[in-house]
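The exercises below are meant to be worked with the coordinates open, and each task is followed by a solution that goes step by step.

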Amino acid sequence: MVARVAVGVVAASLLLTGCSPEKTGTATPAPSETASSGSPANPDVPKVATALDVSKYVSKPCDVVPSSVLSSLRFTDPGDVQSQDNGLGASGPGCSWRISGEGVSMQVIIGTGNRDRGLGGLAGLYTAHESGQFPFLEPAPEVQGYPAIYVDKRDRRPIGNCVLDVGVADDLAINVYAGGYEGADDSCAAAQQVAGSIITTLKGA
């Protein structure tokens, strides 16, 4: 995840083992008996009615957010790509943007790494929440009909850091982190705007 001046997004660097306020990336759940034992699905986890295909953007995650949307949020420099690997990109490929000199950042993570490890989608985040990895989890407004949650180690929205995960398939979520803003309203509005543009892109609109 990204902290106010220092960072970039929600834990692309972390496998749902937790989010670091000093790192960039997407929340990545750590394997647990609960996740791997084949226990019944959590009825609280919202289902995705129509899955979206992210394969086109796995190799070019920066392209999933239209440049016009980034420009409207004052992100004019090219994004920094985080490829999926066994380290910082374990949760999946991502891209981060910064506004130079302001400590404001935006990051997107496509959670294919979590999915491939059997910890993907909103279900993986709910499991991580129940195990205490992410003590803060709250339903968020749907993004163009797709379920979403706010999730973090603690609720950092009041200090301008908003972590939003949107389920694009039952086993796949896209993480959007907006950091370094003034408060909850502007940070989450920015995250919601980027998330909405991603859904539009994936729908092919």
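**Exercise 1. Among contacts between residues at least 6 apart in sequence, find what share joins residues at least 24 apart, and then describe the burial and the secondary structure of the protein chain.**

Step 1. Taking contact to mean heavy atoms within 4.5 Å, one finds that 56% of the contacts in the protein chain between residues at least 6 apart in sequence join residues at least 24 apart. This is a predicted model, in which local features need pLDDT of at least 70 and side-chain atom pairs count only at pLDDT 80 or more, whereas totals for chains, interfaces and linings use all residues. Residues are numbered from 1 along each chain as its sequence is written, and side-chain values use heavy atoms, with hydrogens and water left out.

Step 2. Of the 205 residues of the protein chain, 57% count as buried, where buried means under 20% relative accessible area, exposed over 50%, and partly exposed in between (1.4 Å probe, protein chains only).

Step 3. Helices (H or I, at least four residues) and strands (E, at least two) are DSSP runs numbered from the N terminus, and the protein chain holds five helices and seven strands. Along the sequence they follow the pattern α-α-β-β-β-α-α-β-β-β-β-α.

**Exercise 2. Work out the order of the strands in the open sheet and how they pair, and then place helices α4 and α5 against it.**

Step 1. Counting two strands as paired if DSSP finds at least two bridges between them, one obtains an open sheet of seven strands in the order β1-β2-β3-β7-β6-β5-β4, with antiparallel pairing. The strands that pair on one side only are β1 (80-82) and β4 (136-143), which are the edges of the sheet. Neighbouring strands are turned by 20° against each other on average, direction ignored, with axes as lines fitted to C-alpha atoms (for helices over the stretch in contact) and angles running from 0 to 180 degrees between N-to-C directions.

Step 2. At the β1 edge, three bridges join β1 in the antiparallel sense to β2 (residues 94-99), and aspartate 80 has serine 96 in β2 as its bridge partner.

Step 3. Helix α4 (residues 121-130) lies across β4, β5 (146-152), β6 (162-169) and β7 (172-179), and runs at about 30° to β5. Helix α5 (residues 184-203) also packs on the sheet, where it touches β3 (104-110), β4, β5, β6 and β7, and its direction makes about 20° with that of β6.

Step 4. Because seven of its 10 residues are buried, α4 is largely enclosed by the rest of the structure. Those buried residues are Gly121, Leu122, Gly124, Leu125, Tyr126, Thr127 and Ala128. Just after α4, glycine 132 takes a positive phi of about 95°.

**Exercise 3. Which residues are linked with Arg157 in a network of salt bridges, and over which ring does the charged end of arginine 157 sit?**

Step 1. With a salt bridge defined as a side-chain nitrogen of Lys or Arg within 4 Å of a carboxyl oxygen of Asp or Glu, the structure holds five salt bridges. A network of them links Glu138, Asp155 and Arg157.

Step 2. Glutamate 138 and arginine 157 meet at 3.1 Å, N to O. Since glutamate 138 lies in strand β4 and arginine 157 in the loop between β5 and β6, the pair ties together parts that are 19 residues apart in sequence. In the salt bridge of arginine 157 with aspartate 155, the closest N and O atoms are 2.9 Å apart.

Step 3. Arginine 157 counts as buried at 13% relative accessibility, while glutamate 138 at 32% and aspartate 155 at 30% are partly exposed.

Step 4. The charged end of arginine 157 sits over the ring of tyrosine 150, 4.8 Å from its centre, the criterion being NZ of Lys or CZ of Arg within 6 Å of the ring centre and within 35 degrees of the ring normal.

**Exercise 4. Describe the salt bridge of glutamate 102 with arginine 74, and the backbone of arginine 74 and glutamine 144.**

Step 1. The closest N and O atoms of glutamate 102 and arginine 74 are 2.9 Å apart. Glutamate 102 lies in the loop between β2 and β3 and arginine 74 in the loop between α2 (67-72) and β1, so this salt bridge ties together parts that are 28 residues apart in sequence.

Step 2. Both residues are partly exposed, glutamate 102 with a relative accessible area of 40% and arginine 74 at 46%.

Step 3. Arginine 74 has a phi near 75°, a positive value in a residue other than glycine. Glutamine 144, in the loop between β4 and β5, has a positive phi near 50° and counts as partly exposed at 38% relative accessibility.
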